[in-house]
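Ready for some practice in reading a protein model? Work through each exercise yourself before you look at the solution.

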Amino acid sequence: MSFLDSRLELPDRMVPMDGELRSCPWRLREARAAETIGIERQSVALSSRGHTPLRPESISRLACQALDRGGQKDVRLLDLRYDWILRQLETQDWQEVARISGVEVATLQIRFSGCVPGKKAEPPGQVDEFKLWKVLQKEQSTPAGLALWFAWQLGLQAQEMIALTWEQVDWEGNCLRLDGREVSLTSALRRLLEEALRLRCPGDDPHVLLTERSRKPVDLPRLSRMTRAALIRVGLERVALRDLRKDDSREEEDTKILQRAMEQGVLSRRDVTDVLGLSKTAAYSRLRRLVEAGELMQIGQKYYLPQDEERKVE
């Protein structure tokens, strides 16, 4: 927490504090300084009895109790975060709010574009290959670096990345053996995987992507945060991990979606999650892109091929 700059300095982002917010932790810090040694390393949220760091569930419970006492019985802690994001969007652009909130631009637009008057969703960012190359060289064989390489050079989906184990790396065949397909390794990615394998600790989990400190398998939210932070650092704020995937991989997936639409006559977001193994948010983004490209038409929460809808109107 930087009181001089009036901001919270988190691992992957910096959040500005206004005067009122800044004064609250400052008063708390001054009160503790008189009785505590080593306050610079102390957690802000401490229990009132044992003065130990509060667990997330305890923070949630205490917040709910305080809201209830104030007559806000239907308000959750998460609702306060949504309200904060909405207020930021009233005065700042998508990229800045994404930078300080830790939420991807695409996710912000899906969730909030209809809530702020005059705030229209912007098209996905274009990949600047020079900037991308810079971040790839910087991250190398870190979990974020490997994930970016997987997306850019191999077209892997996020689910495939977090599920990948070392048993699926075929060194002799120079490929990754995924469910239902094999993907050839490039020389650069093979070198990075060899380096990552060399740095593994005895007893590590068999998954390729592990968190750097706790050495646990990376989950989807963590994968999104770490890759997004790496991309933002080189100025690729509007680029998401899925935007790095090869065009031919995206075209192949689009073909699968359109084929399902032809077979069924109608598509839902659930159909796309089943076909491609995407999250609901990613499936919605894919459907929206196909609608904008004129490949599909949307009516309510259903999607149709344009010619099918024309016949339906007739």
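**Exercise 1.** Which side chain meets that of Asp-204 in a salt bridge? Then decide whether each partner is buried or partly exposed.

*Solution.* Keep in mind that this is a predicted model.
Step 1: The partner is Arg-215, with 2.7 Å from N to O.
Step 2: Asp-204 and Arg-215 both lie in the loop between H9 and H10, so the pair ties together parts that are 11 residues apart in sequence.
Step 3: Buried means under 20% relative accessible area. Asp-204, with 14%, is therefore buried, while Arg-215, at 27%, counts as partly exposed.

**Exercise 2.** Find which helices are tied together by the salt bridge between Arg-233 and Glu-139.

*Solution.* Step 1: Check the contact: the two side chains meet at 3.0 Å, N to O.
Step 2: Arg-233 lies in helix H10 (residues 220–233) and Glu-139 in helix H6 (residues 129–139), so the bridge joins parts 94 residues apart in sequence.
Step 3: Look at the surroundings: Arg-233 is partly exposed at 49%, and Glu-139 is buried at 10%.

**Exercise 3.** Describe the lining of the largest pocket.

*Solution.* Step 1: Start with the space, about 1,200 Å³.
Step 2: Among the 27 lining residues, Leu-8, Leu-21, Ile-59, Leu-77 and Leu-80 are the closest to the pocket's centre.
Step 3: Sort the lining by type: 22 residues are nonpolar, one is polar and four are charged.
Step 4: Ask which element gives the largest share. That is H3, with seven residues.

How values were computed
Residues numbered from 1 in each chain as written. Predicted model: local features only at pLDDT ≥ 70, side-chain atom pairs only at ≥ 80, totals over all residues. Heavy atoms only, no water. 1 Å grid on protein atoms, 1.4 Å probe; cavity = no way out; pocket = protein on both sides within 12 Å on 5 of 7 lines; lining within 4 Å. Points joined across faces, edges and corners; volume = space filled by probe spheres on them. Helix = DSSP H or I, 4+ residues; strand = E, 2+ residues; numbered from the N terminus. Nonpolar A, V, L, I, M, F, W, Y, C, P; charged D, E, K, R; others polar. Salt bridge = Lys/Arg side-chain N within 4 Å of Asp/Glu carboxyl O. Buried < 20%, exposed > 50% of the residue type's maximum accessible area, 1.4 Å probe, protein only.
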